[in-house]
Amino acid sequence: MKQKFLPWFLLFCALGLSATAAYYSVLGLSIIFAGVAIPVIVMGSFLEISKIAIATYLHNSWKKIYILLKVYLTIALVTLSIITSIGIYGLLSTGFQENIAKMEIGGKQIQNIEVKKQRFEEIKTDLEKEKIILDKDISQLRNALSTNTTTQSVDKKTGQLITKANNANRKSFESQLASTQASKDKLSTKIDALNDSITNLDIKVLDMESKASEGNELGAIQYVSEITGANVKTVANWFIFLLIFVFDPLAITLIIATNKAFEDIKPKKNIYGEIKPIELEPEPQPDPAIEQEKQNILHQIHRVENSGAAHAARGIALTELHNRLSSLSDDNTKTY
């Protein structure tokens, strides 16, 4: 049953894999030669069918065909396999390019946001430096208000030290202090606005990265790229080449294996074209000596059962004879 099922299972796998490879190949070739897609599809379809026919013919008639024909068909089979692989590569690489383009666009958008964020950081740094200078000016002006708003002089008549308020200096310092404080407040407002802008840009980058990771179709390739240190495109080409090197050669190998499996279950014929009868293995013959010994033991068992000996003695004798008979039966089974 298993021998009859295996060829049909191999046939199913071979036809399924060959049809899948043919479909991907023809579709990939039509993408590569998009200007003449329909002629390429027709040509590729018949080439794929011819490839199966060549593989089957070479396997079945390898010893019968001429050497030149054998060499040409082998070269043609290998060439068709390469064409199929090119078509599959074209299809898979096109799908990969679409995904990598989406990833690169998202990466460029994030990069532009990072550049914008860096500019905001630089402006913020300059404003903070300016604010520090204003803080120092405010501190000096407040100190001047407390020390430089009065003038001292000595009275010529009395010789006493006279302290007078200098309203002009006080008004000047107060005006400068108010102007400097207003400039500082404006800088603080700008710095706060820049902080809000930087925070919003960080949130935007996180949202874009989150969406990119959720809809990313290159997760496994990116993971291998990070482990190996190779470029994402290089890793993708590795995967594609692994697929195409296994895909079509395996389909051809399964076709050949299917033909061989059907040959094995095909009835054999003699030189006259007649089907050879199935040779059955001869049934094993029992050993005559063992059979004779068994007959003797059966005769002894019959005599003991019909004897007038005590019940206990007969039981022991019968048990011993039955054990000998069982042992002889096992020996006879092992013999044949």
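Start by colouring the chain by burial: of the 336 residues in the protein chain, 26% are buried. Keep in mind that you're looking at a predicted model. Put a surface on the protein chain next, and you have about 23900 Å² of accessible area, with 60% of that belonging to carbon and sulfur atoms.

Now switch to cartoon. The protein chain has eight helices and two strands. Walk from the N terminus and the elements come in the order α-α-α-β-β-α-α-α-α-α. If you like contact maps, here's one number for yours: take the contacts between residues at least 6 apart in sequence, and 70% of them join residues at least 24 apart.

**Stop 1: the salt bridges**

Show the charged side chains. There are four salt bridges to find. Begin with Asp 248 and Lys 51, whose closest N and O atoms sit 2.4 Å apart. Asp 248 belongs to helix H6 (residues 232–265) and Lys 51 to helix H2, so this pair ties together parts of the chain 197 residues apart in sequence. Are these two residues buried or exposed? Both Asp 248 and Lys 51 are buried.

Move on to Asp 202 and Lys 117, whose side chains form a salt bridge at 2.6 Å, N to O. This is another link between distant parts of the chain: Asp 202 is in helix H4 (residues 167–214) and Lys 117 in helix H3, with their positions 85 residues apart. Asp 202 counts as partly exposed because its relative accessible area is 29%, and the cut-off for buried is under 20%.

Next, select Asp 135 and Lys 184. Their salt bridge has its closest N and O atoms 2.9 Å apart. It also links distant parts of the chain, from Asp 135 in helix H3 to Lys 184 in helix H4, 49 residues apart. With a relative accessible area of 30%, Asp 135 is partly exposed.

Before leaving the charges, go back to Lys 51 and add Glu 48 to the selection. Glu 48, Lys 51 and Asp 248 are joined into one network by salt bridges that share partners.

**Stop 2: Ser 85, beside that network**

Select Ser 85, which lies in helix H3. What does Ser 85 touch, leaving aside its neighbours within four places in sequence? The answer is Ile 244 and Asp 248, so you're back at an Asp from the salt-bridge network. Ser 85 counts as buried because its relative accessibility is 12%.

**Stop 3: a nonpolar patch**

Step along to Ile 86, also in helix H3. Ile 86 is partly exposed, at 43% relative accessible area. Measure from its C-alpha to that of Ser 25 and you should get 7.2 Å, although the two residues are 61 apart in sequence.

Now widen the selection to Ile 32, Phe 33, Val 36, Val 78, Ile 82 and Ile 86, which together make a nonpolar surface patch of about 520 Å². Which element gives the most to the patch? That's H3, with three residues.

Zoom in on Phe 33, which sits in the loop between helix H1 (2–32) and helix H2 (37–60). Phe 33 is partly exposed, with 44% relative accessible area.

**Stop 4: a negative patch**

For a change of chemistry, select Glu 121, Glu 122, Asp 126, Glu 128 and Glu 130. These residues gather in a patch of negative charge on the surface. Pick out Glu 128, which is found in helix H3 (residues 67–147). Its relative accessibility is 33%, so Glu 128 counts as partly exposed.

**Last stop: Asp 264 and Pro 7**

Return to helix H6 and select Asp 264. Asp 264 is partly exposed, at 48% relative accessible area, and the cut-off for exposed is over 50%. How far apart are Asp 264 and Pro 7, in sequence and in space? They are separated by 257 residues in sequence, while their C-alpha atoms are 9.1 Å apart in space.

Conventions: Residues are numbered from 1 along each chain as its sequence is written. This is a predicted model: local features need pLDDT of at least 70, side-chain atom pairs count only at pLDDT 80 or more; totals for chains, interfaces and linings use all residues. Side-chain values use heavy atoms; hydrogens and water are left out. Helices (H or I, at least four residues) and strands (E, at least two) are DSSP runs, numbered from the N terminus. Buried means under 20% relative accessible area, exposed over 50%, partly exposed in between (1.4 Å probe, protein chains only). Contact means heavy atoms within 4.5 Å. Accessible areas come from the Shrake-Rupley method with a 1.4 Å probe; for residues, only the protein chains shown count as cover. Patches are made of residues with over 30% relative accessible area and no salt bridge: like charges are joined within 9 Å, nonpolar side chains (Val, Leu, Ile, Met, Phe, Trp, Tyr) within 5 Å. Lys and Arg count as positive and Asp and Glu as negative; His and the chain ends are not counted. The place of a charge is taken as NZ of Lys, CZ of Arg, CG of Asp or CD of Glu.
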